[in-house]
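The following exercises are to be worked with the sequence and the 3D structure at hand. Each task is followed by a solution in steps.

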Amino acid sequence: MKFLRYGSAGSERPGLIDGDGHIRDLSGVVDDIGGRWLADLSWTRSLDPSQLPLVEAGERLGPCVAGTGKFICIGLNYADHAAESGLEVPPEPVIFMKATSAICGPNDDVLIPRGSTATDWEVELGVVIGKPAKYISEEQALEHVAGYCVVNDVSERDFQTKRSGQWTKGKSCDTFGPIGPWLVTRDEVANPQKLKMWLKVSGEMKQNGSTETMVYGVAHVISYLSQFMTLHPGDIVSTGTPPGVGQGFKPPRYLKAGDIVELGIEGLGTQRQVFRDDI
Ligand code: ZN
């Protein structure tokens, strides 16, 4: 299933994509795409999309998951991206938090924060937690995954690395977390370590990689995180980016107002954002 949330920001309704690519309304079936509805997906077995109300085309898409409690990101999780950043692949996964207030829809405008000169892009595979996960093994890990989505881990490099402390400041600005268009349930993703991923800036291909070159795979990362904290339904884990970010160019290529960023992952859909100044 491909679940989504549609409608104006803050009042999205749950929906799904039917076999013809149309949106069907799910609000008569579930409260939202989140929480207990993700913890146990057995309700989806009896769903007949053709019986759900058809939604007219042209609706805004919201973030594909509601009520995300934690937005955890993995840093330097592609060897070639670590190299372009001038850093070693760490001996254990590097984790950092992105504020959940950064979450926005997949095609919403992204705001370049005040004072920014180094706003950058990162296409990433997002993992959405289903069943709560605490002290789970790598073998069990995928059973705790509800599904996958595209994430743009938008980053302000100077805020991230030149303003003291950890990376949070450069990762958490409003709209720095477009997620979606869909939450694709785990059963539809045969192998999360074999998905092509790409990102273009104003029509020019910048990132063209695959989850195959991830250092710490999805199962390892979920198991690893669960040794430190319980992962809850609707939590999002963004698993790192392949090479080709703006910081890696010489000179660096950062985003400015009017730039259009398009990105996608095989089977998970595409996003498109217009960047503009947060004035
Ligand atoms: Zn990232």
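**Exercise 1: Backbone angles**

Thr 175 has a relative accessible area of 13% and is therefore buried. The model is a predicted one.

Task: Determine the sign of phi at Thr 175 and locate this residue in the chain.

Solution.
1. Phi of Thr 175 is near 70°, which is a positive value in a residue other than glycine.
2. Most residues other than glycine have a negative phi.
3. Thr 175 is found in the loop between helix 5 (168–171) and strand 12.

Task: State whether Ser 202 is buried, partly exposed or exposed, and describe its phi.

Solution.
1. Ser 202 is not a glycine, yet its phi is positive, at about 45°.
2. The loop that holds Ser 202 runs between strand 14 (196–201) and strand 15 (204–210).
3. Buried requires under 20% relative accessible area and exposed over 50%. Ser 202 has 44% relative accessibility, so it counts as partly exposed.

**Exercise 2: Cis peptide bonds**

Task: Identify the residues joined by a cis peptide bond at Pro 181 and at Pro 251, and place each proline.

Solution.
1. Gly 180 and Pro 181 are joined by a cis peptide bond with omega of about 20°. Pro 181 belongs to the loop between strand 12 (177–178) and strand 13 (183–185).
2. From Lys 250 to Pro 251 the peptide bond is also cis, and its omega is near -5°. Pro 251 is in the loop between strand 16 (236–238) and strand 17 (260–265).
3. For background, most peptide bonds are trans.

**Exercise 3: The zinc site**

Task: Name the residues that coordinate the zinc ion and give their spacing along the chain.

Solution.
1. Glu 122 (OE), Glu 124 (OE) and Asp 153 (OD) coordinate the zinc ion at 1.9 to 2.0 Å.
2. Along the chain, the donors follow the spacing E-x1-E-x28-D.
3. Glu 122 and Asp 153 link distant parts of the chain, 31 residues apart. Glu 122 is in the loop between strand 8 (119–120) and strand 9 (123–129), and Asp 153 is in the loop between strand 10 (145–152) and strand 11 (155–156).
4. Glu 122 and Asp 153 are both buried.

**Exercise 4: A five-stranded sheet**

Task: Find the edge strands of the open sheet with the order 7-18-17-14-15.

Solution.
1. The five strands of this open sheet show mixed pairing.
2. Strand 7 (110–112) and strand 15 each have a single partner strand, so they stand at the edges and one side of each lacks a neighbour in the sheet.
3. From one strand to the next, the twist averages 20°.
4. Strand 7 runs parallel to strand 18 (residues 269–277), and three bridges join them. Leu 111 stands opposite Arg 276 in strand 18.

Notes: Residues numbered from 1 in each chain as written. Predicted model: local features only at pLDDT ≥ 70, side-chain atom pairs only at ≥ 80, totals over all residues. Heavy atoms only, no water. Donors = N, O, S within 2.8 Å, 3.2 Å for Na, K, Ca; no water. Helix = DSSP H or I, 4+ residues; strand = E, 2+ residues; numbered from the N terminus. Buried < 20%, exposed > 50% of the residue type's maximum accessible area, 1.4 Å probe, protein only. Pairing = 2+ DSSP bridges. Axes fitted to C-alpha atoms, helices over the stretch in contact; angles between N-to-C directions.
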